[in-house]
Amino acid sequence: MHRLFPEPPADLDDRELERIYGYPDGLDRPWVQVNFVSSADGAVAVEGRSAGLSSPADKRIFALGRDLADVVLVGAGTARLEGYRGVKPTEVRAERRARLGLAEVPPIAVVTRRCSIGPDALLVTDTVVAPIVLTCAAAPAERRAALAAAGADVVVAGDHTVDLSAALAELAARGLRRVNCEGGPHLFGELIAEGLVDQLCLTLAPLLVSGDAPRTAVGLPPAAPLELELASVLTADGHLMLRYRRLR
């Protein structure tokens with residue numbers, strides 16, 4: 001993997017990648033990083049899944065995002081489509097997480113207004129740490145109870161829809177401030193609308209997909225566009241790995 005920006009250009013080892021993608025020190029609030037891969041024409045899936053857009057370099061950045069995070073945030077639709085299950089100790093670098101003072105593995109926090117993740121989902125049954133289900137009071141009580149009985153940490157944040165600010169505050173109360181969001185487009189759109197995005201890691205794949213695949217973010221716009229600054233540009237195998245930070 002090669003760095004194009006900031007200058008000077010350079011080949012990167014794991015420690016340098018960790019420095020580039022590391023979370024700010026001394027966080028006193030949730031800090032949200034969003035990860036996405038898209039085609040050059042803006043599609044976020046090929047035949048319904050993101051795997052067709054990825055590359056070894058993109059997967060390396062994706063894995064690093066999990067390595068450095070306290071918690072992985074994902075929408076229920078993406079969790080179902082991509083077959084999410086709990087993060088395994090073999091999927092993260094134990095040395096890195098121990099050195100950074102992080103838990104053995106990050107939990108998955110899934111956002112679901114209707115509590116549509118069943119208690120038999122792999123996210124609940126195939127995990128070494130309890131998933132966190134971020135839902136709202138309008139979700140059926142029996143679904144919430146079933147997930148809690150299956151071992152999930154069910155968090156009610158909001159009345160008729162999931163209040164993402166409240167949900168992130170609940171994560172922070174559990175010591176989970178380094179938030180790595182893996183999509184999907186609706187959750188990303190809601191985070192943008194509420195002004196909650198701190199960093200975007202966007203991989204552009206050298207593919208033209210067209211079709212009706214969704215774009216990276218959909219939903220209501222924010223009161224004003226969120227301004228970003230380009231923080232780094234990496235390249236490998238024709239893919240561009242862009243990192244933008246929020247201007248505050």
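**Figure 1. Glu-18 and Arg-96, both buried, in a predicted model.** The side chains of Glu-18 and Arg-96 form a salt bridge, with an N to O distance of 2.9 Å. Glu-18 belongs to helix α1 and Arg-96 to helix α4 (residues 94–99), so the pair ties together parts that lie 78 residues apart in sequence. Glu-18 and Arg-96 are also members of a network of salt bridges that includes Asp-67, Glu-95 and Arg-99. The structure as a whole holds 16 salt bridges.

**Figure 2. The salt bridge between Glu-95 and Arg-99 in helix α4.** The two side chains meet at 2.7 Å, N to O. Glu-95 and Arg-99 are four residues apart in helix α4, and therefore about one helical turn separates them. An α-helix has 3.6 residues a turn, so residues three or four places apart point the same way. Arg-99 is partly exposed, since its relative accessible area is 35%, a value between the limits of 20% for buried and 50% for exposed residues. Both Glu-95 and Arg-99 take part in the network of salt bridges that also links Glu-18, Asp-67 and Arg-96.

**Figure 3. The salt bridge between Arg-19 and Glu-16 in helix α1.** An N to O distance of 2.7 Å is found between the side chains of Arg-19 and Glu-16. Helix α1 spans residues 14–21, and Arg-19 and Glu-16 are about one helical turn apart because three residues separate their positions in this helix. With a relative accessible area of 55%, Arg-19 is exposed.

**Figure 4. A patch of positive charge on the surface.** The patch gathers Arg-80, Arg-113, Arg-114 and Arg-143. Arg-113 is located in the loop between β5 (108–111) and α5 (122–125). The relative accessible area of Arg-113 is 41%, and this residue is therefore partly exposed.

**Figure 5. A negative patch on the surface.** Asp-159, Asp-163, Glu-190 and Glu-194 form this patch. One of its members, Glu-190, lies in helix α8. Glu-190 counts as partly exposed because its relative accessibility is 37%.

**Figure 6. Buried residues of helix α8 and the elements that cover them.** Helix α8 comprises residues 185–193, and its buried residues include Pro-185, Leu-187, Phe-188, Gly-189 and Leu-191. Among the elements covering the buried residues of α8 are the strands β3 (31–39), β4 (71–75), β5, β8 (178–181) and β9 (199–205). Helix α7 (164–173) also contributes to this cover.

**Figure 7. Gly-195, in the loop between α8 and β9.** Gly-195 comes just after α8 and takes a positive phi of about 65°. Leaving aside residues up to four places away in sequence, Gly-195 touches Leu-226, Arg-246 and Arg-248. The C-alpha atoms of Gly-195 and Leu-171 are 17 Å apart in space, with the two positions 24 residues apart in sequence numbering.

**Figure 8. Pro-9, in the loop between β1 (2–5) and β2 (10–11).** Contacts of Pro-9, not counting residues up to four places away in sequence, are made with His-2 and Arg-3. Pro-9 and Leu-234 are 225 residues apart in sequence, whereas their C-alpha atoms are 9.2 Å apart in space.

Terms used: Residues are numbered from 1 along each chain as its sequence is written. This is a predicted model: local features need pLDDT of at least 70, side-chain atom pairs count only at pLDDT 80 or more; totals for chains, interfaces and linings use all residues. Side-chain values use heavy atoms; hydrogens and water are left out. Patches are made of residues with over 30% relative accessible area and no salt bridge: like charges are joined within 9 Å, nonpolar side chains (Val, Leu, Ile, Met, Phe, Trp, Tyr) within 5 Å. Accessible areas come from the Shrake-Rupley method with a 1.4 Å probe; for residues, only the protein chains shown count as cover. A salt bridge is a side-chain nitrogen of Lys or Arg within 4 Å of a carboxyl oxygen of Asp or Glu. Lys and Arg count as positive and Asp and Glu as negative; His and the chain ends are not counted. The place of a charge is taken as NZ of Lys, CZ of Arg, CG of Asp or CD of Glu. Helices (H or I, at least four residues) and strands (E, at least two) are DSSP runs, numbered from the N terminus. Buried means under 20% relative accessible area, exposed over 50%, partly exposed in between (1.4 Å probe, protein chains only). Contact means heavy atoms within 4.5 Å.
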